[in-house]
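User: Could you take a close look at one part of this model for me, the charged pairs, and then work outwards from there to whatever they sit next to? I'd like one connected walk-through rather than a list.

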Amino acid sequence: FFIPNTFTPNNDGQNDQWNIPYAAQFPDMQIQIFNEWGMKLFEGGINDLPWDGAINGKTLPDATYYYIMDLRNGEPPFTGPLTIVR
């Protein structure tokens with residue numbers, strides 16, 4: 001299971017969204033994204049992917065954010081950094 005840790009939402013048509021290959025195999029998946037201070041910025045599921053790097057219609061700045069991805073299959077959640085580069 002590969003989770004990309006960087007994407008470039010600059011509207012050039014390449015890598016503009018955080019897309020997780022094979023995510024559809026986990027229909028109960030839940031994802032949370034936090035900023036560096038631990039503030040939850042995003043919470044959603046498979047229907048909210050791919051993600052464009054915006055929260056409530058506002059584009060997030062270039063930075064490293066952190067995700068928790070719970071596949072809800074009995075395994076521990078995946079966690080890691082997610083960097084936005086424009």
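**Salt bridges and their surroundings**

Analyst: There are two salt bridges in this structure, and keep in mind that the model is a predicted one. As background, side chains of opposite charge can pair when their charged atoms come close.

Let's take E43 and K40 to start. Their closest N and O atoms are 3.1 Å apart. E43 has a relative accessible area of 46%, so it counts as partly exposed, and K40 lands in that class as well because its value is 41%.

The other pair is D62 with R86, where the N to O distance is 3.9 Å. D62 sits in the loop between β5 (58–59) and β6, while R86 belongs to the segment after β7, so this bridge ties together parts that are 24 residues apart in sequence. Both ends are partly exposed: D62 has 43% relative accessibility, and R86 has 34%.

Now for the strands around those pairs. β2 (30–34), β3 (40–45), β6 (63–70) and β7 (78–84) are the elements that give two or more residues to the largest nonpolar core. That core has 21 residues, and the members touching the most others are W18, M29, I31, I33, L49, W51 and M69. β6 is the top contributor among the elements, with three residues. In general terms, nonpolar side chains tend to be buried together in soluble globular proteins.

W51 is a good residue to click on here. Skipping its neighbours within four places in sequence, W51 is in contact with F7, Q17, W18, I33, F42, L60, L82 and I84. Just before W51 there's a backbone quirk: L49 and P50 are joined by a cis peptide bond, with omega at about -5 degrees. P50 is in the loop between β3 and β4.

Staying with loops, N35 is in the one between β2 and β3. N35 is polar but tucked away: it counts as buried because its relative accessibility is 12%. Its side chain reaches the backbone nitrogen of M39 at 2.9 Å. Not counting residues up to four places away in sequence, N35 also touches L41, Y65 and Y66.

L41 leads on to N56, since the two C-alpha atoms are 9.2 Å apart in space with their positions 15 residues apart in sequence. N56 is in the loop between β4 (54–55) and β5, and it counts as exposed because its relative accessibility is 76%. Its phi is near 50 degrees, a positive value in a residue other than glycine. For context, most residues other than glycine have a negative phi, and most peptide bonds are trans.

Y22 has a positive phi too, about 65 degrees, although Y22 is not a glycine. You'll find Y22 in the loop between β1 and β2, and at 62% relative accessibility it counts as exposed. Together with F1 and F78, Y22 makes a nonpolar surface patch of about 340 Å². F1 comes from the segment before β1 (6–7) and counts as partly exposed, with 43% relative accessibility.

Definitions and conventions
Residues numbered from 1 in each chain as written. Predicted model: local features only at pLDDT ≥ 70, side-chain atom pairs only at ≥ 80, totals over all residues. Heavy atoms only, no water. Core = buried A, V, L, I, M, F, W, Y, C linked by side-chain atoms within 4.5 Å. Buried < 20%, exposed > 50% of the residue type's maximum accessible area, 1.4 Å probe, protein only. Helix = DSSP H or I, 4+ residues; strand = E, 2+ residues; numbered from the N terminus. Contact = heavy atoms within 4.5 Å. Patch = residues over 30% accessible without salt bridge, like charges linked within 9 Å, V, L, I, M, F, W, Y side chains within 5 Å. Areas by Shrake-Rupley, 256 points an atom, 1.4 Å probe, with all protein chains shown as cover. Salt bridge = Lys/Arg side-chain N within 4 Å of Asp/Glu carboxyl O. Polar contact = N/O pair within 3.5 Å; in protein donor to acceptor, adjacent residues only side chain to side chain.
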